[in-house]
Amino acid sequence: MNIFNFPEAWLEPLGKGFCVDFLDEIESKFLKLKAENKTIFPPTSMIFRALELVDFYEAKVLILGQDPYHDLGQANGLSFSINKEIMIPPSLRNIFLELKDDLNIPIPQHGDLTFWAQQKILLLNSVLTVEHGKPNSHKELGWDKLTDQIISQLSKRGNMIFVLWGKIAQSKLQLINKKTNKVLSAPHPSPLSAYRGFFGCRHFSKINKILIESGSSKINWKLD
């Protein structure tokens, strides 16, 4: 647990013993990759940024992504999010197009979704790291063990909105109690699948409707 700055607030909800064992295991694999001079994204200090920005007990919504962006300077530790100075990638562009169609919110000039996270949206990837230029390269590294635990424990806590875009995200449905949580599913916003039902899903307005009906404050989706 030396190279990772895992947020202490998540240790108890996830199980401290579980976290210690997992982090020891993932660290040994991570150090081996570093020894092989692999370039890994996001930067080590940002791997757990989604958890740093959203407390377990305050999370309202979880938007589940696959793995981080794999080109230089893109990944910032939040699913679908990208650093401000980087060109908006196609999937995120489609998310913004659906947001505009759903709530008439202008398409932002940048793709940094930190403002959403600050409103208690957990922007979590299933796999938290990736090798430069190799999408899904850390699929077998073991991150699912941690992210499955996060999804499971949030489901047990209840009163969450889980947003599952695409088959990989939807494979986590078995971890979620649909009686005590809300689930919104749609095809992935990728250009390959967005026209199969992501466009028109109106998930942003649906999230706000669920939040208001539960007595919570709605999300301000507009990015500065």
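Which residue follows α6, and what is the sign of its phi? The residue that follows α6 is glycine 158, and its phi is positive, near 85 degrees. The model discussed here is a predicted one, and the points below treat its open sheet of 4 strands, with the order β3-β2-β5-β6 and parallel pairing, together with the helices α2, α6 and α8.

**The sheet and its pairing**

- The strands of the open sheet follow the order β3-β2-β5-β6, and because β3 (121–125) and β6 (182–186) each have a single partner strand, they stand at the edges and one side of each is left without a neighbour in the sheet.
- Direction ignored, neighbouring strands of this sheet are turned by 20 degrees against each other on average.
- Strand β2 (residues 61–65) runs parallel to β3 and is joined to it by 5 bridges; within this pairing, glycine 65 has asparagine 125 of β3 as its bridge partner, and isoleucine 63 stands opposite leucine 123 in β3.
- The pairing of β2 with β5 is also in the parallel sense and extends over 4 bridges, with leucine 62 having phenylalanine 162 in β5 as its bridge partner.
- Between β5 and β6 there are 5 bridges, again in the parallel sense, and here phenylalanine 162 stands opposite valine 183 of β6.

**Burial of the strands β3 and β5**

- Strand β3 is mostly covered, with 5 of its 5 residues buried; Ile121, Leu123 and Asn125 lie on one side and Leu122 and Leu124 on the other, so that both faces are covered.
- Strand β5 is likewise mostly covered, since 5 of its 5 residues are buried; Ile161, Val163 and Trp165 point one way from the strand, whereas Phe162 and Leu164 point the other way.

**Helix α6 on the sheet**

- Helix α6 packs on the sheet, where it touches β2, β3 and β5 (161–165), and its direction makes about 150 degrees with that of β3.
- For the 15 residues of α6, a rise of 1.5 Å a residue should give a span of 21 Å, which agrees with the 21 Å that separates its end C-alpha atoms.
- The buried residues of α6 include Trp143, Leu146, Ile150, Ile151 and Leu154, and among them are also Thr147, Gln149, Ser152, Gln153 and Ser155.
- Besides the strands β2, β3 and β5, the buried residues of α6 pack against the helices α1, α2 and α3 (49–53).

**Helix α2**

- Helix α2 (residues 16–35) has 20 residues and reaches 28 Å from its first C-alpha to its last, close to the 28 Å expected at 1.5 Å a residue.
- Its buried residues are Cys19, Phe22, Leu23, Ile26, Glu27, Phe30 and Leu33, and because they fall within an arc of 140 degrees when seen down the axis of α2, they line one face of the helix.
- An α-helix has 3.6 residues a turn, so residues three or four places apart point the same way.
- The exposed residues Asp21, Lys32 and Ala35 are carried by the face of α2 that is turned away from its buried side.
- The buried residues of α2 pack against α1 (11–14), β1 (40–41) and α6 (143–157), and just after the helix asparagine 37 takes a positive phi of about 60 degrees.

**Helix α8 and its contact with α4**

- In helix α8 (residues 203–213), the buried residues are His203, Phe204, Ile207, Asn208, Ile210 and Leu211; they cover an arc of only 160 degrees around the axis, which puts them on the same side of α8.
- The face turned away from the buried side of α8 carries the exposed residues Lys209, Ile212 and Glu213.
- What covers the buried residues of α8 includes the strands β2, β5 and β6 as well as the helices α4 (90–103) and α5 (114–117).
- Helices α4 and α8 pack at an angle of about 60 degrees, with their axes 8 Å apart, and they are therefore oblique to each other.
- In this contact, Ile95, Glu98, Leu99, Asp102 and Leu103 in α4 meet His203, Phe204, Ser205 and Asn208 in α8.
- Glycine 215, which follows α8, has a positive phi near 85 degrees.

Notes: Residues numbered from 1 in each chain as written. Predicted model: local features only at pLDDT ≥ 70, side-chain atom pairs only at ≥ 80, totals over all residues. Heavy atoms only, no water. Helix = DSSP H or I, 4+ residues; strand = E, 2+ residues; numbered from the N terminus. Expected span 1.5 Å × (residues − 1). Buried < 20%, exposed > 50% of the residue type's maximum accessible area, 1.4 Å probe, protein only. Arc of directions from axis to C-beta. Contact = heavy atoms within 4.5 Å. Pairing = 2+ DSSP bridges. Axes fitted to C-alpha atoms, helices over the stretch in contact; angles between N-to-C directions. Parallel < 35°, antiparallel > 145°, perpendicular 65-115°, else oblique.
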